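Hi,

Here is the structure I promised to pass on. Have a look at it first, and then read on for what turned up in it.

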Amino acid sequence: MRTVTATATAVTAVVAAGAAGIAAGRLASDAALKAPAGRPLPTEPRLTVHGTAAGQITLTRDLASLRPGTYGLAGNGSHAVVGPVLADAPHRPDTVVRRLERVTHGVLNPGDKVWLTPNLHVGTPRTALGLHHRDVEVPGELGPLPAWYLPGVRGTWVITVHGLGTTRELPMNVMGFLHHRHFPVLDVTCRGDPGAPRSPDGLNHLGQSEWRDLDAALRYAVRQGADRVVLYGWSTGATMALCTALRSNLRDRVSGLVLDSPVLDWETTLRALARARHMPDALLPLAVRAAQGRTGLHRDGLADIADPAGLAVPTLVVHGPGDEVAPWQLSRRLASGRPELIALHTVPDAPHGAMWNADPASYEEALRRFLTPLM
């Protein structure tokens with residue numbers, strides 16, 4: 001009897017441990033699979049506002065608040081734009097002072113919790129940039145996908161698509177640049193975005209299902225008269241662009257790719273986001289298995305898009321070693337495999353999806369050189 005009781009206790013403990021492991025894996029995988037649009041990724045630290053003055057804001061001293069460049073500063077109910085660090089401004093050892101460009105909405109009070117975001121603009125191209133646009137709907141496989149269309153005279157369109165933690169407001173960072181070069185621009189949403197259909201399981205598939213929404217945007221552009229299309233994506237949006245260029249029935253219409261912070265290995269990205277949620281390294285395999293079980297993702301699910309031999313069009317990759325979410329080394333490997341076709345523009349000290357923010361001038365110069373032959 002004692003042996004039976006001990007065995008039952010051991011089995012119960014094993015089952016309980018297994019159930020706890022499964023629950024931990026699901027919770028950790030949520031960092032990637034349930035990353036809400038427009039909310040910071042877990043790699044982005046919360047900062048405290050210590051004070052504001054004319055053209056200045058004082059924030060908690062952190063590697064994030066010391067980044068070079070220009071960023072959005074988002075809080076609960078507020079949004080502002082902050083410029084470079086003001087090295088000559090007086091500050092305490094635990095704070096940093098940056099230039100406060102503008103407060104878009106809300107109020108910044110001492111003690112407020114905020115985070116840096118690549119989204120400089122909020123609203124629409126008309127309200128944020130003064131650019132004429134039309135609200136259109138792209139027929140997607142799950143339903144209508146809201147999009148912004150900015151007309152232009154060129155036969156080559158640029159289709160932009162955001163990625164993890166951002167919304168279709170992110171491409172407004174470069175929308176003026178594209179508009180002034182007379183490209184028609186189609187800025188699309190994907191399943192799970194505000195106003196767009198949810199995926200059947202309610203989860204983010206890190207581009208491996210969402211690419212079909214970008215394919216739908218490509219079909220829409222061709223029906224509307226686009227001769228050629230440049231696909232321009234950030235993060236998992238870059239993953240979607242690669243998938244579309246390789247798998248779409250209209251891939252012959254794709255004349256170029258711009259990939260900002262591309263996610264080329266979903267497992268590595270998922271592990272990074274789970275680790276940022278303080279998941280112990282020993283449990284990270286559970287997060288991967290949970291993601292596989294919940295979404296059907298395979299370990300080699302992005303192997304084809306990370307293979308430079310598969311690319312057939314000129315490609316600009318913009319990435320940097322400061323990305324904690326999508327490894328820069330994979331972008332470097334992709335570019336080195338086809339140097340005659342793939343250009344890599346390296347941006348130091350930039351977080352995931354924010355390569356433009358760290359150095360807008362050099363970013364736009366690389367973009368200008370790449371796009372000029374494709375006009």
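**A strand residue to start with**

Thr-58 sits in strand β2, which covers residues 56-60. Keep in mind as you look around that this is a predicted model. Thr-58 counts as buried, because its relative accessible area is 19% and the cut-off for buried is under 20%. Which residues does Thr-58 touch once its neighbours within four places in sequence are left aside? Its contacts are Thr-48, Val-49, His-50 and Gly-51, along with Thr-95, Val-96 and Val-97.

**The strands around β4**

Next, have a look at β4. Six of its eight residues are buried, so the strand is largely enclosed by the rest of the structure. On one side there is β3: the two strands pair in the antiparallel sense, with five bridges between them. If you want a pair to click on, Leu-73 has Ala-80 in β4 as its bridge partner. β3 and β4 make a hairpin with two residues between them. Gly-77 is in that turn, and its phi is positive, at about 95°.

β4 also pairs with β5 (residues 95-105), again antiparallel and through five bridges. Here the pair to look for is His-79 with His-105, the latter in β5.

**Pockets**

The largest pocket has a volume of about 790 Å³. Its lining takes in 41 residues, and those nearest the centre are Glu-44, Arg-67, Leu-116, Thr-117 and Pro-118. Which elements give two or more residues to that lining? They are β3 (71-75), β4 (78-85) and β6 (113-117), so the hairpin strands turn up again here. By class, the lining of the largest pocket splits into 17 nonpolar, 17 polar and seven charged residues.

The second largest pocket comes in at about 380 Å³. It has 22 lining residues, with Ala-35, Arg-191, Gly-192, Asp-193 and Asn-204 nearest the centre. The classes there are eight nonpolar, nine polar and five charged.

**One cavity**

How many cavities of 30 Å³ or more are there? The count is one, and its volume is about 40 Å³. The residues lining this cavity are Pro-118, Leu-170, Asn-173, Val-174, Trp-234, Asp-260, Gly-353, Ala-354, Met-355, Trp-356 and Asn-357. Two elements, α3 (172-180) and α9 (355-358), give two or more residues to the lining. Of these, α9 gives the most, with three residues. Seven of the lining residues are nonpolar, three are polar and one is charged. You may recognise Pro-118 from the list of residues nearest the centre of the largest pocket; it lines the cavity too.

**Cysteines**

In case you were wondering about disulfides, the count is zero. Cys-190 is in none, and the nearest cysteine sulfur to it, that of Cys-243, is 12 Å away. Why does no disulfide join Cys-190 and Cys-243? Their sulfurs are 12 Å apart, whereas a disulfide needs the two sulfur atoms within 2.5 Å. Are these cysteines buried or exposed? Cys-190 is buried, with a relative accessible area of 4%, and Cys-243 is buried as well, at 0%.

That is the tour. Write back if you would like to go through any part of it together.

Cheers

Technical notes. Residues are numbered from 1 along each chain as its sequence is written. This is a predicted model: local features need pLDDT of at least 70, side-chain atom pairs count only at pLDDT 80 or more; totals for chains, interfaces and linings use all residues. Side-chain values use heavy atoms; hydrogens and water are left out. On a 1 Å grid over the protein atoms alone, a cavity is a set of points where a 1.4 Å probe fits but cannot get out, and a pocket is an open set with protein on both sides within 12 Å along at least five of seven lines; lining residues have an atom within 4 Å of a point. Grid points are joined across faces, edges and corners, and a volume is the space filled by probe spheres set on the points. Helices (H or I, at least four residues) and strands (E, at least two) are DSSP runs, numbered from the N terminus. Ala, Val, Leu, Ile, Met, Phe, Trp, Tyr, Cys and Pro count as nonpolar, Asp, Glu, Lys and Arg as charged, and the others, Gly among them, as polar. Buried means under 20% relative accessible area, exposed over 50%, partly exposed in between (1.4 Å probe, protein chains only). Contact means heavy atoms within 4.5 Å. Two strands pair if DSSP finds at least two bridges between them.
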